[in-house]
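Trainee: I am new to this structure. Please take me through one part of it closely.

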Amino acid sequence: MKIRELFKSGKTVFSFEIFPPKKDGSIETVYKTLDELTDLHPDFISVTYGAGGSVPGCSTREIVSVIKEKYHTESIAHLTCVNSAKEDIDRVIEEFEQYGVENVLALRGDVNPDIPPKEDFKHASDLITYMKSRSSLSFSGACYPEGHPESPSFDKDIENLKRKVDAGAEHLMSQLFFDNAQFYRFLEKARAAGITVPIEAGIMPCVNAKSIQRMVGLCGASLPPKFTKLIARFGDNPDAMRDAGIAYANEQIIDLVSSGVDGIHLYTMNNPYVARKISEGVSSVIRI
Ligand code: FAD
């Protein structure tokens, strides 16, 4: 099923993100994570591309295929293009067809200062245009409630997002954020710019103060005082941080759903315990 179809019922779509196992993982670790995550009945699961993915049988496309075939859950493959030439993407299309992948989160990817980017695809929108002309795949794109870090301005980023949607992104998944006000401001601007596709809000539960600080450093998400107080108070106590982080994410989700958000995309970090706690905390809210 194409991801866009999931939004037609008008219910809040609830999706999970996982990443392929790192070097010491195996297909068994993937199955274990998926056994637990699919038990929570997400509408779909997305699988990241790039980090990890080197374990045999555990590439992004293989996992996406397993989610669909073994777990009967819809799935979407992330794909970056910054280091790919057209021939590489042609091979990916072939593999997607072979593995029955239907949905792709088309991304540019981050530019590695040590690896000069290839010339064929400068932006995610170029990847969508190219793949759309050669396949019947369905495309989603990434969006940034506080603007992409490289963008000269917020308005310019919205303009570029519109280009991505015009190229064929049928659904957008947002970068993580901790301040819902930022997301609402973004949503208003995006709708005013004529972006009408469903936009899912990206929620990352803060269960580990150090890793969240690293992530925030990379993506530039702003931290409301309520959130920084929570890290200051509980950051050194893993159990308290986990419980407080889950409660904070639940509060964010409830506020977003009551404001009529199209969907919630939960960055699970392959942690079924946290995904379960959150799903249970919002189960009656999310299904309305
Ligand atoms: P683009 O949409 O190409 O945007 C990049 C920059 O170029 C922006 O500043 C934008 O304003 C500008 N721009 C865009 N289009 C145009 C245009 N047509 N003309 C001029 N300027 C333009 N990274 C991974 O490596 N693997 C993953 O699995 C992964 N998953 C992600 C999932 C989500 C939900 C998100 C939000 C990000 C993810 N990323 C992932 C990170 C992503 O690759 C980086 O944020 C990257 O820097 C930008 O990718 P993009 O597809 O948003 O780029």
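Mentor: Start with Phe177, which is buried, at a relative accessible area of 0%. The model is a predicted one. Phe177 sits in a loop, with β6 (169–176) on one side and α6 (180–192) on the other. What does Phe177 contact, leaving aside its neighbours within four places in sequence? The partners are Pro145, Glu146, Phe183, Ala201, Gly202, Ile203, Ala221, Gln252 and Leu256.

Two of those names, Gln252 and Leu256, are also among the buried residues of α9. Another buried residue there is Ala249. In sequence, Ala249 and Phe177 are 72 residues apart; in space, their C-alpha atoms are 10 Å apart.

Now follow α9 itself. The helix covers residues 238–258, 21 residues in total. From first C-alpha to last, α9 reaches 30 Å, close to the 30 Å expected at 1.5 Å a residue. Its buried residues also include Met241, Ala244, Tyr248 and Ile253. They pack against several elements. Among these are α6, β7 (199–203) and α7 (209–219). The others are α8 (225–234), β8 (263–267) and α10 (272–286). After α9 comes Gly260, with a positive phi near 85 degrees.

Go back to β6, the strand before the Phe177 loop. β6 supplies at least two residues of the shell around the ligand. So do β3 (74–80), β4 (103–107), α4 (124–132) and α5 (154–167). The largest share, 4 residues, comes from α5. In the side chain of Asn160, an N or O atom is 2.9 Å from a ligand oxygen. The protein covers 85% of the 980 Å² of accessible area that the ligand has on its own.

Notes: Residues are numbered from 1 along each chain as its sequence is written. This is a predicted model: local features need pLDDT of at least 70, side-chain atom pairs count only at pLDDT 80 or more; totals for chains, interfaces and linings use all residues. Side-chain values use heavy atoms; hydrogens and water are left out. Buried means under 20% relative accessible area, exposed over 50%, partly exposed in between (1.4 Å probe, protein chains only). Contact means heavy atoms within 4.5 Å. The expected span of a helix is 1.5 Å times one less than its number of residues. A polar contact is a pair of N or O atoms within 3.5 Å; within protein, one must be able to donate a hydrogen and the other to accept it, and residues adjacent in sequence count only if both atoms are side-chain atoms. Accessible areas come from the Shrake-Rupley method with a 1.4 Å probe; for residues, only the protein chains shown count as cover.
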